[in-house]
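Q: Please begin with a close look at a single part of this structure, and then follow the connections from that part to its surroundings. I am new to the structure, so please explain each term when it is used.

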Amino acid sequence: MSTIAAHLDDVLSRISRATADAGRPAGSVRLLAVSKTFGADAVREAVAAGQRAFGENYVQEALDKIAATADARVDGEPLEWHFIGPLQSNKTRPVAEHFDWVHSVDRLKIAERLSAQRPADLPPLQICLQVNISGEASKSGVTPDEVPAVARAIAALPNLTLRGLMAIPEPEDDPSRQREPFKAVRELFDTLRADGLALDTLSMGMSGDLEAAVAEGATMVRIGTAIFGARDYGSRA
């Protein structure tokens, strides 16, 4: 078993335990392997171990990787690519053309551009609205107060399907305190659903806090370091 395969196994075991501890059904939390700064060979190692969904932060690096792994399959299905990094207006077209999901929609303008630029021969782009739940000036995302109006506007756009919310809370080592922002995101999510939006995705939780995120209802956790190892940002193209 390769190192990446072993790490994947460990992470999947953590997710399984956290899901059981939360009293949630087995399989109710998906793993998104965050492959940013790692090359196509690392992706292929993860694919060989059965991982199909990958998250990327940098557009050009991701496009190169998508092209280099275009032949890869898991159970006969092509890889599923999720854009999870900050997205500038001038980079929306290649994301609309090559990705399956975008988790980091942080303003209506970005969603409108993705909608307009999604090729007609592709299925709708799956969207998560990013919430700045900790109020950090350095983080992207709409404020909690803005969520209902922006979510409704995105849900009305053609060529997109609003799936749910994404958040990256301020780092916190205390497991009990880790849960607080995740709970706040889940409450926003529940409110939107109660108001009639057909949402099913809470994208939250990373290598250091996935258990807290799962306890508060995460349906997709974004894990990079625990699978691929420490990142060397100096090596990024």
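A: N159 is found in the loop between α6 and β8. The structure is a predicted model, in which local features need pLDDT of at least 70 and side-chain atom pairs count only at pLDDT 80 or more, while totals for chains, interfaces and linings use all residues. Residues are numbered from 1 along each chain as its sequence is written, and side-chain values use heavy atoms, with hydrogens and water left out. Helices (H or I, at least four residues) and strands (E, at least two) are DSSP runs, numbered from the N terminus.

Although N159 is not a glycine, its phi is positive, at about 70°. N159 is partly exposed, because its relative accessible area is 36%; buried means under 20%, exposed over 50%, and partly exposed in between, with a 1.4 Å probe and protein chains only. A positive phi also occurs at D75, a residue other than glycine, where the value is near 55°. D75 belongs to the loop between β3 and β4 (77–78), and this residue counts as exposed because its relative accessible area is 77%.

The two elements that flank the loop of N159 lead to helix α5 (residues 108–117). The cover over the buried residues of α5 includes α6 (147–155) and β8 (160–167), together with α4 (92–98), β6 (101–105) and β7 (125–131). Those buried residues are I110, A111, L114, S115 and Q117. An α-helix has 3.6 residues a turn, so residues three or four places apart point the same way.

One of the buried residues of α5 takes part in a nonpolar core, that is, a set of buried Ala, Val, Leu, Ile, Met, Phe, Trp, Tyr and Cys residues joined through side-chain atoms within 4.5 Å. The largest core has 65 residues, and L114 and L165 touch the most other members. A contact requires heavy atoms within 4.5 Å. Leaving aside residues up to four places away in sequence, L114 touches L87, T92, V95, A96, V102, V105, L125, I127 and L160. Separate from this core is a second one of eight residues, which includes V34, A53, C128 and M220.

Strand β8 also takes part in a salt bridge, defined as a side-chain nitrogen of Lys or Arg within 4 Å of a carboxyl oxygen of Asp or Glu. R163 and D200 form such a pair through their side chains, at 2.9 Å from N to O. Since R163 lies in β8 and D200 in the loop between α7 (175–194) and β9 (201–203), the pair ties together parts that are 37 residues apart in sequence. D200 is partly exposed, because its relative accessibility is 40%. The whole structure holds 12 salt bridges. R107 and D106 form another, with their closest N and O atoms 2.8 Å apart; here D106 is buried at 14% relative accessibility, while R107 is partly exposed at 33%. A network of salt bridges links R179, R186, D190 and E216.

Strand β2 (residues 53–56) provides a further view of the interior. A53 and G55 on one side, and F54 and E56 on the other, are all buried, so both faces of β2 are covered. In a regular strand the side chains alternate between the two faces of the sheet. Two strands pair if DSSP finds at least two bridges between them. Four bridges join β2 to β5 (residues 80–83), and the two strands run parallel; E56 stands opposite F83 in β5. β2 also pairs with β1 in the parallel sense over two bridges, and F54 is the bridge partner of A33.

The loop between β1 (30–34) and α2 (40–48) contains K36. K36 counts as buried because its relative accessibility is 12%. Among the residues that K36 touches are G55 and E56 of the β2 range, as well as N57, Y58, R231 and Y233. At K36, UniProt places the feature "modified residue: N6-(pyridoxal phosphate)lysine", from an unreviewed entry; UniProt positions follow the numbering used here, feature names are shortened, and annotations may be inferred rather than shown by experiment.
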